[in-house]
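Thanks for making the time this morning; I would like to walk through one model with you, going from the packing of its core to its charged pairs. Please keep the structure open while I talk.

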Amino acid sequence: MNAKGVGAPAQTQELVEILERGAAPDLELDLELRKTLVVRAGCSIRVFVPIKGRPTPAVTWAKDDGPVPRAVIDSTESFTMLIIPESSRIDAGKYVLTLENASGKKSADIHVRVLDSPGPPLNLKPVKIDKDSITLQWEMPLIDGGARITNYVIEKRESTRKAFATVITKCNTTSVRIGDLGEGCEYYFRVSAENDYGIGEAVETPDPIRASQAPTPPESIIPTEITKNTVSLAWTKPKHDGGSRITGYVLEAQKKGTDQWAHVTTVKAMDFTVKNLNENEEYIFHVMAVNLSGRSAPRESKAIVLRDSNSLPEFDLRGICQKTIIAKAGEDIKVEIPVMGRPRPTVTWQKDGAMLKLTQRTNAESTAATTILSINECNRDDSGVYAMTGKNIVGSVTDNIIVKVHDVPGPPKGPLKIVEVSRTHCVITWDPPTNDGGVPINNYVVEIRDTTSQTWTELSTNVIRTIFKAVRLTTGSEYQFRVKAKNRYGVGPHITSESVVAAYPFKVPGPPGTPGVVDSMVLMWQVPRSDGGSPITSYHIERKDRAGLRWVKCNKRKVKDLQFKATVLVAGHDYEFRVFAENAAGLSVPSVSSPFYKATDGLYKPGPPSNPRILDTSRSSITVAWNKPVYDGGCDITGYIVETCVPTEKMEDEEWAIVTPKECLLATSFTIVNLKEGQDYKIKISAVNSEGIGEAVSVPDTVKAEDRLLAPEIDLDAELRKVISIRACCSLRLFVPIRGRPTPQAKWTKDDGERVDRATIDSTTSYTSLVIENVNRFDSGKYNLTIENSSGSKTVSVQVRVLDTPSAPQNLKITTVTKEAVTLTWEPPANEGGVKVKNYIVEKRESTRKAYTTVNALCHQTTFMVTPLLEGCNYYFRVLAENEYGIGLPIETSESVKVSEKPQPPGKITLKDVTKNSVTLSWEKPEHDGGSRVVVNAGDSFKIDADVHGKPLPSIHWVKDEQELEYSVTIHSPLGKATLPMLVQVLDSPGPPVNVKVLAVTRDSATLAWEPPENDGGDTVKAYHVEKREASKKAWVSVTSNCHALTYKVEDLQEGAVYYFRVIGENEHGLGVPQEAKAGTKITGNI
């Protein structure tokens, strides 16, 4: 066709068949699906696979060569999706996806591992059974829950109960022995496996298992009748049935001269007649008891010769140890003794030489092969010698057994004697019981009762001897005592004492004779006429001043003689005296008072002071000290006199001068002042009392008035020698006494000589102090004090530890960066705050935000990998140390870190054109750009800078690809062009979910399904919000805000009502756009 019109048509030479172009099925497995997909139990399994093919391929999902149970499968022409809600261990395995159309077929395997508790163990069975234990064995579970089996839990249940009880909680093997079972009881057992995710299902024994074993052999086997061709045998029951009922007995025989045992019979009775035996042959028989657990060991008979004969009676006492039966009082005694003899003997019983009296408690009877003695509820009177006599036509035989009945002992043999009494204790004695209960006495129990009360109180339960001392009694109270004996069977009856009063059996002594003064106030008196029945232990002397009203005790120590010197009396005063005598019962009444005596004798001048010494000297003074005189002359020292003189060649020329003040000097030291520098002096000291000046004592050698040099000394307190620990924000105070002459200079430094700038330092002649207010961690360290004068110097150190939060960690570095993780390393803080750092806190911050968020609050290493991070984003990181006093200062990365890595290699390379000197190539983008892209939050501005070079200056064109979110800049010049692509990722809330629909409706619920949003906002959708609205209302009501699957069942709906539903996606950047189901849904039943 042209401007003139339509021309003649042209026609194809051949026919063309119109067919749809076919394409083989294909699928794209996500990188995560190529690995093993790991899901926690209870979460949903969601497998989304894009597919393609023409015509649209048929989709088939299979698991372990079978259909996929419980799965929700949704397939379209572009994808297939498999969802298994609330997965469990049975959903683990290999899933096979098969696509098939007319152009071909393709399959892919997806391996799923569900992290869950394990399945039940296999083949649980008992492998060994005893009377009190059962050994179980099993195999490991078929499904381990995706984690290694770490333990097994074993439980048991008696067949008569419904509840299982845990027996073993820690078992690492597949077999175990369960002990402490009740013999003869039946039990069910079950075993559960345990892994890191919990305890799994249990496997249970299908039938109960009885705790039993083979019985013991029968007690005896006795021939009751012997003929030339037969033997009648009888036997007794086993002592123990093994925990299971005896079901029968097996009898076997052996002919003399052979080694073979022949089976005779299996019977339930306890006797049998063996027939068809050979006359004059010798046979041995044995019998075995049988229960559900097996046969007992055999009980063998004596050798039996087959002939017609008579024999004396015989008693088989081999089953009774030493022919003695021991029983506890109250128990039943039953003795079964085999009896032999032909013809069968009759048996009679005697006790202690007299015929046995048969009563309701005591009985004797005979069976075909035994005689039985029974005593019900035995007591001590049943003890004795029991004789049994067997008699037949051949003769009679008598044998004895001894029966001992043990019981609690009888009462101790009285009377209960009181052998000693005092005000606070009492001694009682008794004799051992006549009846000890058949066993030795272990101890005695002693009890006491105040006669004013009805309650008995135990004084001791472990008295070994037959004497006891009761202490801590109340004087004057009346008591009773009782004693009980105790053996291994318990405590016997008691005996009681007569009443006794806690008091001495004697009296206080009489008064001493009237005291008299014989010389220098020395008193003498006569012994009392009566000592009260107890020896006199001491005397007490008292005095009374004529001018006073009160008697005063004279002696501080015990006086045992009949004389005493009265001291500390006031001269010129008149005194009278009296005396008390004392024995164990107490003090007597006082003696008749003595006449008044005047205290005038025995006063003298004092002796010389002792230990005179020089304390200090200076250029103008001398300090002297002394001790009190050994002898004060009989009265108080009223003062001291100090004298000095300048020494001369002749002693008679020396002039002594009193240097103490006129009023008395009461102190025992004195500083002599106004002396001549460099002059030597003699010094003497005298004591003074009411009688005058005593003898003087001289200070050794002469003393020169000169300055005494003392090297510096530091009196460091014991607490300062330890490490001083102080809490932050408190005040540190170091107070140190010092001395030295001349006065030393004090200097405080810290650690290696640093100045202490924050400290307040105060120094005097006698001390120096350092005060730091409001201390912090930086005040920790060693504080050095140095004092120095012309005589030398001295240094001490005080270690201070401030208990504070730690300082910042050191050397924070980025060691590894990947597309989703950053690895940090650091060093511990230089100052740990006085205690060990217990953990570190790692935080991150996106470069576009101001607030940090905690990544790990309990990091115990100095390295940590921060993951997951958003690919392409820039982050800052910081680390803080923590001790028991809190979180310390942070260390922060100085620059932001971009989460990216090197890009993958380009895709397929295609050769487009070839000339003789050039090749034109094209290639596909890498599958991953390493994360180096521009990432920006929705609503923010961003700027892309690109350096452009070229001559002449090229023209610039920007292009944006809407599908790939890729910006590219292209520059043109006459010499060519260049293009630079740049990917921009905008982080936003997700778009609306796709294809929201109602799958099923019941009378009160509706099940919704949907597909993920086409635009996830640049971040993973972490949850879906489901909302509902009744047709008659306008407000939407939230149903759930935490749905992680692509389906949800909305419950509690009103039947007959019409509802609208909508679904909203949510990611890290907020809620997305809601998507509503196309139409309202009426709740009427299944659709």
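Before I come to a particular hairpin, let me give the term it rests on: two strands are said to pair if DSSP finds at least two bridges between them. Please also bear in mind throughout that this is a predicted model.

With that in place, the hairpin I have in mind joins β65 to β66 through 2 residues. These strands run antiparallel and are joined by 9 bridges, and one position you can pick out on screen is K782, which stands opposite Q799 in β66. β66 also pairs with β60, this time in the parallel sense and over 4 bridges, with R727 standing opposite L803 in β66.

These strands come back when we turn to the largest nonpolar core, which has 23 residues, and in which L732, L734, V736, L770, I772 and Y783 touch the most other members. Which elements give two or more residues to this core? They are β60 (724-727), β61 (732-741), β64 (767-772), β65 (781-789) and β66 (792-803).

If we take Y783 as an example and leave aside its neighbours within four places in sequence, its contacts include L732, L734, L770 and I772, along with W748, V756, V796, V798 and V800. The list for Y783 also has T749, K750 and S797 in it.

Let me move on to the charged side chains, where the structure holds 32 salt bridges. As a reminder of the background, side chains of opposite charge can pair when their charged atoms come close.

In one of these salt bridges, the side chains of R733 and E773 meet at 3.6 Å, N to O. R733 lies in strand β61, whereas E773 lies in the loop between β64 and β65, so this pair ties together parts that are 40 residues apart in sequence. Are the two partners buried or exposed? R733 is exposed, with a relative accessible area of 56%, while E773 is partly exposed at 44%.

A second pair is D574 with R546, whose closest N and O atoms are 3.3 Å apart. Here D574 sits in strand β48 (residues 574-583) and R546 in the loop between β45 (538-545) and β46 (552-553), so the parts tied together are 28 residues apart in sequence. D574 counts as buried because its relative accessibility is 18%, and the cut-off for that class is under 20%.

The third pair is E843 with R878, where the N to O distance is 2.5 Å. This one links distant parts of the chain, with E843 in strand β69 and R878 in strand β72 (residues 874-883), 35 residues apart. E843 counts as buried at 12% relative accessibility, whereas R878, at 22%, counts as partly exposed.

Strand β69 (residues 839-846) also holds R845, which counts as buried at 14% relative accessibility. Not counting residues up to four places away in sequence, R845 touches K850, A851, Y852, N874, Y875, Y876 and E892. Elsewhere, E447, R482 and K484 are linked in a network of salt bridges.

Finally, a word on the surface, where I90, L122, L142 and I143 form a nonpolar patch with about 390 Å² of accessible area together. Among them, I143 is found in the loop between β10 (134-139) and β11 (151-158), and I143 is partly exposed, with a relative accessible area of 33%.

Technical notes. Residues numbered from 1 in each chain as written. Predicted model: local features only at pLDDT ≥ 70, side-chain atom pairs only at ≥ 80, totals over all residues. Heavy atoms only, no water. Core = buried A, V, L, I, M, F, W, Y, C linked by side-chain atoms within 4.5 Å. Buried < 20%, exposed > 50% of the residue type's maximum accessible area, 1.4 Å probe, protein only. Contact = heavy atoms within 4.5 Å. Patch = residues over 30% accessible without salt bridge, like charges linked within 9 Å, V, L, I, M, F, W, Y side chains within 5 Å. Areas by Shrake-Rupley, 256 points an atom, 1.4 Å probe, with all protein chains shown as cover. Salt bridge = Lys/Arg side-chain N within 4 Å of Asp/Glu carboxyl O.
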